[in-house]
Amino acid sequence: MKVVERPEMKTTERLYIGEVLKGLFVTMGHVLKNLRNPQGMPVVFFPEQQKDLPPATRGRHRLMKREDESPRCTACMLCATACPAECIHIKSPDPNIEKLPEKFEIDMLRCVFCGFCVDACPLDAIRMDIPEIAIAGYTRESLVYKKEFLMDHDNKDIVADYNPPRPVIWTHGPHAKP
Ligand code: SF4
Ligand code: SF4
């Protein structure tokens, strides 16, 4: 075992302020260099070429519909029970009649994209195949996805309630839109 002596810090180093300023100078140096030559920037904030995502990538949720456009979901609660983040909230109008979700919400701020909800569903009523992985919003409310949006994610009137308009970013790979 080799014992390494802790190096003695100089007074200027112990004050930290000098070291902090030194670090800031280095950072500012890089900022100025990149501003002078943006093409040479090592970090590209908005890459033009996007990476292909693996086939198993999970996207945004959607609720599947039956032929008559009603939700395939029967509000059995299996997905909500399986969800480790407890972010699925379902309400059935009347448990004594055929079950349908009166309310079906997913709080995307809590979702960890584990896919357990999809695996738990016996009716293939929920999928995670909408090609969006950059999910963002200006308000917390806009990130609680409601049944109408989950069932009709392309409806412009409904989508307008969710801001900002979510970019479709899968332009390559198995989930890419044509
Ligand atoms: S992906 Fe996971 S965390 Fe998100 S809603 Fe489904 S079960 Fe819950
Ligand atoms: S598991 Fe499927 S059918 Fe059951 S509540 Fe969830 S989405 Fe609906």
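In this report Ala, Val, Leu, Ile, Met, Phe, Trp, Tyr, Cys and Pro count as nonpolar, Asp, Glu, Lys and Arg as charged, and the others, Gly among them, as polar. By that division, the shell around ligand 2 holds 13 nonpolar residues, 1 polar residue and no charged residues.

The model is predicted: local features need pLDDT of at least 70, side-chain atom pairs count only at pLDDT 80 or more, and totals for chains, interfaces and linings use all residues. Residues are numbered from 1 along each chain as its sequence is written, chains are lettered from A and ligands numbered from 1 in the order in which they are written, and side-chain values use heavy atoms, with hydrogens and water left out.

**Overall layout**

The protein chain contains 6 helices and 5 strands. Both are DSSP runs numbered from the N terminus, helices being H or I with at least four residues and strands E with at least two. Along the sequence their pattern is α-α-β-α-β-β-α-β-β-α-α. Of the 178 residues in the protein chain, 27% are buried. Buried means under 20% relative accessible area, exposed means over 50%, and partly exposed lies in between (1.4 Å probe, protein chains only).

**Ligand sites**

Ligand 2 has 14 residues around it, and C73, C76, M77, C79 and C121 come nearest. Ligand 1 is also surrounded by 14 residues, the closest being C83, C111, C114, G115 and C117. A residue is near a molecule or strand if one of its heavy atoms lies within 4 Å of it. The shell around ligand 1 has 12 nonpolar, 2 polar and no charged residues.

The space taken by ligand 2 is the largest cavity, and ligand 1 sits in the second largest. On a 1 Å grid over the protein atoms alone, a cavity is a set of points where a 1.4 Å probe fits but cannot get out. A molecule sits in a cavity if more than half of its atoms lie within 2 Å of its grid points.

**Sheet**

Three strands form an open sheet in the order β2-β3-β5, with antiparallel pairing. The edges are β2 (88–91) and β5 (144–145), each with a single partner strand, so one side of each has no neighbour in the sheet. Two strands pair if DSSP finds at least two bridges between them. Strands of a sheet pair through backbone hydrogen bonds, either parallel or antiparallel.

Between β2 and β3 (residues 103–107) there are 4 bridges, and the two strands run antiparallel. One of the residues involved is H89, whose bridge partner in β3 is E105. On the other side, 2 bridges join β3 to β5, again antiparallel, and I106 stands opposite Y145 of β5. Because 4 of the 5 residues of β3 are buried, this strand is largely enclosed by the rest of the structure.

**Aromatic pair**

A search of the whole structure gives 1 aromatic pair. The ring centres of Y145 and F149 are 4.9 Å apart and the planes stand at 70 degrees, so the pair is edge-to-face. Rings of Phe, Tyr and Trp (its six-membered ring) pair if their centres lie within 6.5 Å; planes under 30 degrees apart count as stacked, over 60 as edge-to-face and the rest as tilted. Y145 has a relative accessibility of 0% and counts as buried. F149 is buried too, with a relative accessible area of 0%.

**Loop residues**

The table lists three loop residues with their accessibility.

| Residue | Loop between | Relative accessible area |
|---|---|---|
| Y16 | α1 (11–14) and α2 (17–36) | 52%, exposed |
| D124 | α4 (116–120) and β4 (126–130) | 32%, partly exposed |
| E102 | β2 and β3 | 43%, partly exposed |

Y16 is not a glycine, yet its phi is positive at about 70 degrees. D124 likewise has a positive phi, of about 50 degrees, without being a glycine. For E102, the C-alpha atom is separated by 7.4 Å from that of I90, a residue 12 residues apart from E102 along the chain.

Note on methods:
On a 1 Å grid over the protein atoms alone, a cavity is a set of points where a 1.4 Å probe fits but cannot get out, and a pocket is an open set with protein on both sides within 12 Å along at least five of seven lines; lining residues have an atom within 4 Å of a point.
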